[in-house]
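Hi,

Here is the structure I promised to pass on. Have a look at it first, and then read my notes below.

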Amino acid sequence: MGRMISSIAKHKQAEKVLATRRRRTLGASGTRLSYPTLKGMGDLARLLKESWSLVEENRDKVAGYFYARIFLAHPNVRDLFPVHMDVQRARLLGAIVTAVQTLEDPERFDQYLRGLGRDHRKFHVEPGHYEVVGGALIEALRHFAGDQWAIEYEQAWADAYAVIAAKMLAGAEADTNPPYWHAEVVAHERRSSDIAVFTVLPLQPLEFRAGQYLSMECPRYQPRLWRTYSPANAPRRDNTLEFHARAVGAGWVSSALVRRLKVGDMVRLAAPMGTMTLDRRSTRDTVFVAGGTGLAPIKSLLEELTRYNRTRWVHVFFGARNRDDLYDLAELNRLAARYPWLSVVTACSDDPTFGGEQGNICDVVARFGPWNEHDFFVSGSGPMVKATLKTLAELQVPPIRIKYDSFSEMS
Ligand SMILES: Cc1cc2nc3c(=O)[nH]c(=O)nc-3n(C[C@H](O)[C@H](O)[C@H](O)COP(=O)(O)OP(=O)(O)OC[C@H]3O[C@@H](n4cnc5c(N)ncnc54)[C@H](O)[C@@H]3O)c2cc1C
Ligand code: HEM
């Protein structure tokens, strides 16, 4: 491990070192100035960026070396990672490098890092692993930087990594929830060639808020691969959770959930996350825009509204490529028939004989309105969410009134 930090105590010590550097960004009383500046952390940020630039163009090789160091020295750590590491190859390393380099605003990342540490319990990560990973990180950087590596670089990475690890460990230690919940599949229905709706029953109660998502592992078919899915129901007395999954391309987990999962199988669920929740104090009318299985969290929010709403008009815009992908329309129509405040508009972008609206759902939303006094909730694929946000900006809907979850990259 070379000069890598050797214990959690040293992580804490390093946090103090950084805290000292950080103090320069604080007022005399320790009160935060209005904007954190890079001044205090300038040296560290510069050293990290400078040293990363020495190896950046070899980032794939750095990742390969990094994992090889970990797995050769600690073969049992391999069992924490998925069988196929091709897609994820640089994921952990990339995440660490990003985290280390954004440390210049540690307060902002405090919550994130604590959450990440809590979440790492689902990967069976234990405190001792942090030192192993940190050591491999520095070995890999040193190896690829060659002669240009300097002791200052090494210290900068060690300090920064130690602070991050300490925050993640603190988050993990403080969590009173189990690392994950075991849940049994109690219903599974294929709604189209690519879409399934299934229900699971956690063995212990799992609290969540309508509109949140949680990550799921399907150990029988795709062990150690976790992906996020959004419950499609508001919390229920019987604790069951309904999910809507769409099999994407060569997707590992989604195709198992749609094509292989069956009643009696067990899945694992990690702690709920996300802030696409209802503000009960808002009296605004509301628009939900869903693309494909992006309907799941929208239905969860709708179900919550059915429990208390009497005064807000609610409009659901549900879009898909073709009518088969409007897999839950019957249920939406049933809700609309029952609740006079609810209206549903459906659209297909690639099904010319479909009787509802034609076109991308964002364009359909724009044909209705005006919307500038409404709360908006948007959920679906990255491109769908991106296009909808653009349309809403053009319609002058203030961003503060828009909440969204994107299922994939928005780029
Ligand atoms: C907050 C959040 C909530 C989500 N909720 C749901 C949900 O309720 N229902 C649901 O079906 N999915 C949901 N997703 C998407 C889900 O987490 C997975 O990304 C998706 O199921 C693909 O996983 P996979 O293992 O099958 O694919 P991977 O093996 O991870 O990816 C395989 C290939 O497919 C591409 N890909 C990944 N996701 C998509 C996508 N959405 N569209 C097109 N291409 C993609 C990847 O770039 C890759 O090339 C959610 C995602 C997020 C971030
Ligand atoms: C500074 C410390 C670390 C940071 C910033 C970090 C960050 C991350 C992030 C952001 C992810 C992706 C999370 C997700 O997709 O849900 C991840 C995944 C993972 N991390 Fe860490 N991590 C750190 C330390 C560790 C350690 C010490 C281990 C133990 C070996 C570990 C094991 C894993 C595993 C097994 C995954 C899943 C990998 C995969 O799906 O390919 N991480 N990490």
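How many bridges join strand E11 to E12, and do the two run parallel or antiparallel? There are five bridges, and the strands run parallel. Before you go further, keep in mind that this is a predicted model. If you want one pair to look up, start at Phe377: its bridge partner in E12 is Lys403.

Those strands belong to an open sheet of six, with parallel pairing and the order E10-E9-E8-E7-E11-E12. At its edges sit E10 (357-358) and E12 (402-406), each pairing on one side only. Helix H9 (residues 295-308) packs on this sheet and touches E7 (286-291), E8 (314-320), E11 and E12. The direction of H9 makes about 150 degrees with that of E7. Helix H10 (residues 329-338) packs on the sheet too, where it touches E8 and E9 (342-348). Its direction makes about 155 degrees with that of E9.

Now for the other sheet I looked at. Here six strands form an open sheet with antiparallel pairing, and the order is E4-E3-E6-E1-E2-E5. The edge strands are E4 (222-229) and E5 (241-246), and each of them pairs on one side only. From one strand to the next, the twist averages 35 degrees.

Zoom in on E2 (residues 195-202) and you'll find six bridges to E5, with the two strands running antiparallel. Ala196 stands opposite Ala245 in E5. Finally, helix H8 (residues 252-259) lies across E2, E3 (214-218), E4 and E5, and runs at about 90 degrees to E4.

Cheers

How values were computed. Residues are numbered from 1 along each chain as its sequence is written. Chains are lettered from A and ligands numbered from 1 in the order in which they are written. This is a predicted model: local features need pLDDT of at least 70, side-chain atom pairs count only at pLDDT 80 or more; totals for chains, interfaces and linings use all residues. Two strands pair if DSSP finds at least two bridges between them. Helices (H or I, at least four residues) and strands (E, at least two) are DSSP runs, numbered from the N terminus. Two residues are in contact if their C-beta atoms, placed from the backbone, lie within 7 Å. Axes are lines fitted to C-alpha atoms, for helices over the stretch in contact, and angles run from 0 to 180 degrees between N-to-C directions.
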